[in-house]
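Colleague: I am new to this structure and would like a close look at a single part of it. Could you take me through one strand residue and its surroundings, and then follow the connections from there?

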Amino acid sequence: MNEPYGLLLCDDLVFTSRICGEAKARGLTVRAVKTVADLRRFYEQLPPKCVIVDLHAPGLSIDILVRELTSLEPRPFVVGYGSHVDTATLKAAREAGCDIVWPRSKFVEELAVVLPHWFGATETQS
């Protein structure tokens, strides 16, 4: 895969289909993976333009993942989303350095509009 692409860490099939469908409708490629190990395999081979992370993914340590992602050249745009009631996880993702951290509801509401910007984003839009 030599074209610009995004990575999605999510083990929810319905949510994965929704995100990948939105990307495809906009001419973007998003590769979905279910595990942090699979995510690493992809971004170590070719850094993505953006990485979208379900903050409730099994085995996720958001601070370690963001540190790894932000060391890549070029640096991908990192988006985290999670449950609005789990404020501690959302806060941890912000503190780890995600460019955007949104509750799942806002993420779904804004996805169609912002996804293309994440592929070309160069600054934080939290």
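Modeller: Asp 54 is found in strand E3, residues 50-54, where strands (E, at least two residues) and helices (H or I, at least four) are DSSP runs numbered from the N terminus. This is a predicted model, in which local features need pLDDT of at least 70 and side-chain atom pairs count only at pLDDT 80 or more, while totals for chains, interfaces and linings use all residues. Residues are numbered from 1 along each chain as its sequence is written, and side-chain values use heavy atoms, with hydrogens and water left out.

Asp 54 counts as buried because its relative accessibility is 6%; buried means under 20% relative accessible area, exposed over 50%, and partly exposed in between, with a 1.4 Å probe and protein chains only. Setting aside neighbours within four places in sequence, Asp 54 is in contact with Leu 9, Cys 10, Leu 60, Tyr 81 and Arg 104, contact meaning heavy atoms within 4.5 Å.

Two of these partners lead further. Arg 104 is also among the contacts of Ser 83, together with His 56 and Leu 90, when neighbours within four places in sequence are again left aside. Ser 83 lies in the loop between strand E4 (77-82) and helix H4 (87-96), and at 19% relative accessibility Ser 83 counts as buried.

Cys 10, the other partner, is buried at 2% relative accessibility, whereas Cys 20 is partly exposed at 21%. A disulfide is taken as a pair of cysteine sulfur atoms within 2.5 Å, and the sulfur of Cys 10 is 8.7 Å from its closest cysteine sulfur, in Cys 20, so the two are too far apart for a bond. By this rule the count comes to zero disulfides.

H4, which follows the loop of Ser 83, also meets another helix. Ile 62, Asp 63 and Val 66 in H3 meet Ala 92, Ala 93 and Ala 96 in H4, and the residues of this contact divide into five nonpolar, no polar and one charged; Ala, Val, Leu, Ile, Met, Phe, Trp, Tyr, Cys and Pro count as nonpolar, Asp, Glu, Lys and Arg as charged, and the others, Gly among them, as polar.

Finally, Pro 74 sits in the loop between helix H3 (62-70) and E4, and the peptide bond from Glu 73 to Pro 74 is cis, with omega near -5 degrees. Most peptide bonds, by contrast, are trans.
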